[in-house]
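Biologist: Could you take me closely through one part of this model and the residues around it, moving from contact to contact? I would like a connected account rather than a list.

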Amino acid sequence: FPGDAYERMHGSRQVAFHLSRADLVASFGFDWLQSYPSPVEAQRAFAQLRRGLGRRRARIIQIEPRFSVTAGKADRWIPVYPGTEGLVALAVAKRLVANGTYDKGFIQGQTHGFEDFRKGLDALSLSDLSQATGVPEQQLKLLTAELSGLRPAAAITNRGPLLTQLGVHALNALFGCIGKDSVFSGMESRESFREDAPVARRLKEHPPQALLVDRVNPRFLSPLEWKDLLEKTPFVATVSAFMTETAEASDLVLPCHTPLERGHCSSPVSPDGRTVLGAAPRAVEPFFDTKDPGEIFLALAGALHKGSAPEDFDSIFMSRVKQLQLGKPFDARGAEGMWRETGGPASVSPPRATRSGKFEFDALNELLSRPDITKAGEDRDFPLRLYLCAPLALSFGEGA
């Protein structure tokens, strides 16, 4: 089931969750203390949850097959069969709806397809869900009672199987914790991570005569997609500070400065929706005869347009820094003032670009209508499952 729950339920991937606002965090197969987009953000959120921030100390429940770092730090770990976390979420949803312990105001006013969702849950047997997940029925009931008693609550998972994503995020709708100043809210500027495989497929449909690759390594990330494409493209040039797999397959390599050898100016958005604008000068002088990537592209633009492009990249960089009103902190030699926040946490309602203009259960209802929903992923001929985990040492940390 490929896809993205936020896109299906909100009509947009631009949704942020603010863990530190929750009194209860239920994590389904998401070892967030290790594989969060930003490890620093995860540790800070964990500290705030444990301190309580003037409220009671938050409760953390971890539902996953493996006793991970997050499971070890949680108040309770519930082991499940690999790949069945979404079914546990559906079992909890079934109990919440049956008991009437959900946010009826949010469901009635801001959601679409709830009655079909209720019917789909009614068709599921708690004993079948218990057998499919390996979680005893009594434990599923106790988990539901825990999730019913604390608000605001948050159910989180990673972007894995769509059934798990949809089932877990449906709990957030039942909790009523989606919207302004809640655990889940909208974001205006955070861009979602996109796979490079679709890019390769589009290039195969319209083969380029020349390909310029800038400081990425698609031949390593998606070798099956990119190996053949790079071989068939008449001319490939790569801008890179290192001899990567893509650079090795290129006709021309344009060596650029390493990150510490060039100036830096960016505005990343943290997972809780805060925008931070950062700028820094180069930390060390270039060791080899390399150029800033900006210099390379300006030189190319000048050659293509016969000198109409500006030549001095440093001047352009500094003008951009001053335009962003960072000139003074940028020139500072001390650590003070080098970073400043440009916006608080997003407090707008999540984008609802759905057909109904509301939070939609429709994609989940479609999956619930399948008769073999509790047997998803089973293979009678090969009953073993490969369970992958991302330890901190192997995670990208691209959200930092």
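Modeller: In this predicted model, Thr-157 is found in the loop between β6 and α10, and at a relative accessibility of 16% it counts as buried, since the limit for that class is under 20%. Once residues up to four places away in sequence are set aside, Thr-157 touches Phe-28, Phe-30, Thr-164, Gln-165 and Val-168. The C-alpha atoms of Thr-157 and Gly-29 are separated by 6.1 Å, although their positions lie 128 residues apart along the chain as the sequence separation is counted.

From this loop one can pass to helix α10, which spans residues 162-175. Leu-171 lies in α10 and is buried, its relative accessible area being 0%. Not counting residues up to four places away in sequence, Leu-171 touches Phe-28, Ala-89, Val-92, Ala-93, Leu-96 and Ala-155; Phe-28 is also among the residues that Thr-157 touches. Measured by sequence, Leu-171 and Val-92 are 79 residues apart, while in space their C-alpha atoms are 8.0 Å apart.Ala-173 lies in helix α10 too, and with a relative accessible area of 0% it is buried. Leaving aside its neighbours within four places in sequence, Ala-173 is in contact with Phe-106, Ile-107, Ile-178, Phe-359 and Phe-361. For Ala-173 and Ile-107, which are 66 residues apart along the chain, the C-alpha atoms are separated by 7.0 Å.

Two of the residues in contact with Ala-173, Phe-359 and Phe-361, belong to a cluster in which ring pairs link them with Tyr-102, Phe-114 and Phe-117. At Tyr-102 there is a further feature, as the charged end of Lys-104 sits over the ring of Tyr-102, 4.9 Å from its centre.

The cluster members Phe-114 and Phe-117 also take part in the contact between two helices, where Leu-90, Ala-93, Lys-94 and Val-97 in α5 meet Phe-114, Phe-117, Arg-118, Leu-121 and Asp-122 in α7. By class, the residues of this contact of α5 with α7 divide into six nonpolar, no polar and three charged. Helix α5 covers residues 85-99 and helix α7 residues 114-122, and the two pack at an angle of about 110° with their axes 10 Å apart. That angle makes α5 roughly perpendicular to α7, a class that runs from 65 to 115 degrees. Ala-93 of α5, which takes part in this contact, is also one of the residues that Leu-171 touches, and this leads back to α10, where Leu-171 lies.

Another helix pair can be set beside this one. The axes of helix α8 (residues 126-133) and helix α9 (residues 137-149) come within 9 Å and cross at roughly 100°, and α8 and α9 are therefore roughly perpendicular to each other. On the α8 side the contact is made by Leu-126, Ser-127 and Ser-130, and on the α9 side by Glu-137, Leu-140 and Lys-141. The classes here are two nonpolar, two polar and two charged residues.

Beyond α9, the way back towards the starting loop passes an unusual backbone feature. Most residues other than glycine have a negative phi, and most peptide bonds are trans. A cis peptide bond, with omega about 0°, joins Arg-151 and Pro-152, and Pro-152 lies in the loop between α9 and β6, the strand of residues 153-156. Thr-157 is then found in the loop between β6 and α10.

To place this part in the whole, the chain holds 18 helices and 14 strands, and 45% of its 400 residues count as buried. Among contacts between residues at least 6 apart in sequence, 70% join residues at least 24 apart, and the contact of Ala-173 with Ile-107, 66 residues apart along the chain, is one that spans such a separation.

Conventions. Residues are numbered from 1 along each chain as its sequence is written. This is a predicted model: local features need pLDDT of at least 70, side-chain atom pairs count only at pLDDT 80 or more; totals for chains, interfaces and linings use all residues. Side-chain values use heavy atoms; hydrogens and water are left out. Axes are lines fitted to C-alpha atoms, for helices over the stretch in contact, and angles run from 0 to 180 degrees between N-to-C directions. Helices (H or I, at least four residues) and strands (E, at least two) are DSSP runs, numbered from the N terminus. Angles under 35 degrees count as roughly parallel, over 145 as roughly antiparallel, 65 to 115 as roughly perpendicular and the rest as oblique. Contact means heavy atoms within 4.5 Å. Ala, Val, Leu, Ile, Met, Phe, Trp, Tyr, Cys and Pro count as nonpolar, Asp, Glu, Lys and Arg as charged, and the others, Gly among them, as polar. Rings of Phe, Tyr and Trp (its six-membered ring) pair if their centres lie within 6.5 Å; planes under 30 degrees apart count as stacked, over 60 as edge-to-face and the rest as tilted. A charge sits over a ring if NZ of Lys or CZ of Arg is within 6 Å of the ring centre and within 35 degrees of the ring normal. Buried means under 20% relative accessible area, exposed over 50%, partly exposed in between (1.4 Å probe, protein chains only).
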